[in-house]
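Reader: Hi! Could you walk me through this protein step by step, with the reasoning spelled out?

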Amino acid sequence: MMAAGIFAVAGLGLAGCNTEGPEEGTDVEDVSEGEVLESSPAPQETDAGAGTGYVGPYDQPFYDQSETYAGQEVTLSAEVTETLSTDTFVIGGAAGTTVDPLLIVEEQEVPALDDGQVVEVTGTVQQDFDIAAAEEQLGIDLEDELYADYVGQPYIMASSGEILEEE
């Protein structure tokens, strides 16, 4: 008897769905009611970086939109805050920002760096750093404990770099 009651209620729920009416010739404008909202504009390229997703300092505007640059080549300038190995280092945000440190993994050899040097790095923005994947891609062995804070975080796979200022 309870099952019959459940089916009756389910039947009432379906009865409220009205699929009558012409389906052909109906488009989105006929169905849409209310205001159309504009989406955010796409990130703009700078004149200096034709074909590059972003060229500039590692600062708050880049950090806030870093996900939009995933898979794109960018050129960032920033101070080296920590050298983790001969193939990896970390940059910090420009003065007055609260951005997280950003891991740089060198796909191509970048000059030897010291903490405090200002560098310009060009590379591809990657999401979700994975130690094993980086080791396999580069053919190197990384000390896992040095990279624990960067696992799952965005990073740059650097294709080139240069020292801008000695500290």
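**A walk through the strands and the core**

Author: Happily, and here is a starting point: β2 and β3 pair in the antiparallel sense over 4 bridges. Two strands count as paired if DSSP finds at least two bridges between them, and helices (H or I, at least four residues) and strands (E, at least two) are DSSP runs, numbered from the N terminus. This is a predicted model, in which local features need pLDDT of at least 70 and side-chain atom pairs count only at pLDDT 80 or more, while totals for chains, interfaces and linings use all residues. Residues are numbered from 1 along each chain as its sequence is written, and side-chain values use heavy atoms, with hydrogens and water left out.

Reader: In what order do the elements of the protein chain run from the N terminus on?

Author: The protein chain holds 4 helices and 6 strands. From the N terminus on, the order of these elements is α-α-β-α-β-β-β-β-α-β.

Reader: Which residue of β3 is the bridge partner of Glu82?

Author: A hairpin joins β2 to β3 through 4 residues. Across this antiparallel pair, the bridge partner of Glu82 in β3 is Val90.

Reader: And which residue in β4 is the bridge partner of Thr88?

Author: β3 also runs antiparallel to β4, and 4 bridges join them. In β4, Thr88 has as its bridge partner Val105.

Reader: How many residues of β3 are buried?

Author: Buried means under 20% relative accessible area, exposed over 50%, and partly exposed in between (1.4 Å probe, protein chains only). In a regular strand the side chains alternate between the two faces of the sheet. Both faces of β3 are covered, with Thr88, Val90 and Gly92 buried on one side and Phe89 and Ile91 on the other. β3 is therefore largely enclosed by the rest of the structure, and its buried residues number 5 of the 5.

Reader: Which element gives the most to the largest nonpolar core?

Author: A nonpolar core is a set of buried Ala, Val, Leu, Ile, Met, Phe, Trp, Tyr and Cys residues joined through side-chain atoms within 4.5 Å. The largest one has 19 residues, and Leu76 and Ile91 have the most contacts inside it. Two or more residues come from each of β2 (73-83), β3, β4, β5 (118-126) and β6 (155-165). The element that gives the most to this core, with 4 residues, is β2.

Reader: How many residues are in the second, separate core?

Author: Phe129, Ile131, Ala134 and Tyr147 are included in this second core. Its residue count is 12.

Reader: Why is the pair of Tyr58 and Phe62 called edge-to-face?

Author: A pair of aromatic rings is described by the distance of the centres and the angle of the planes. Rings of Phe, Tyr and Trp (its six-membered ring) pair if their centres lie within 6.5 Å; planes under 30 degrees apart count as stacked, over 60 as edge-to-face and the rest as tilted. By this rule there are 6 aromatic pairs. In the pair of Tyr58 and Phe62 the centres are 6.0 Å apart, and the pair is edge-to-face because the planes lie at 70°.

Reader: Which residues do ring pairs link into a cluster with Tyr58 and Phe62?

Author: Both Tyr58 and Phe62 are buried. Ring pairs link them into a cluster with Tyr54 and Tyr69.

Reader: Is Glu106 buried or exposed?

Author: Glu106 is found in strand β4 (residues 102-106). Contact means heavy atoms within 4.5 Å, and, leaving aside neighbours within four places in sequence, Glu106 is in contact with Thr86, Asp87, Thr88, Phe89, Leu138 and Ala158. With a relative accessibility of 6%, Glu106 counts as buried.

Reader: How far is Gly93 from Pro57 in space, C-alpha to C-alpha?

Author: Gly93 sits in the loop between β3 (88-92) and β4, and at 32% relative accessibility Gly93 counts as partly exposed. Not counting residues up to four places away in sequence, Gly93 touches Tyr58 and Val99. Gly93 and Pro57 are 36 residues apart in sequence, and their C-alpha to C-alpha distance is 7.9 Å.

Reader: Last one: is Asp128 buried or exposed?

Author: Asp128 lies in the loop between β5 and α4 (131-138). Its phi is near 55°, a positive value in a residue other than glycine. With a relative accessible area of 53%, Asp128 is exposed.
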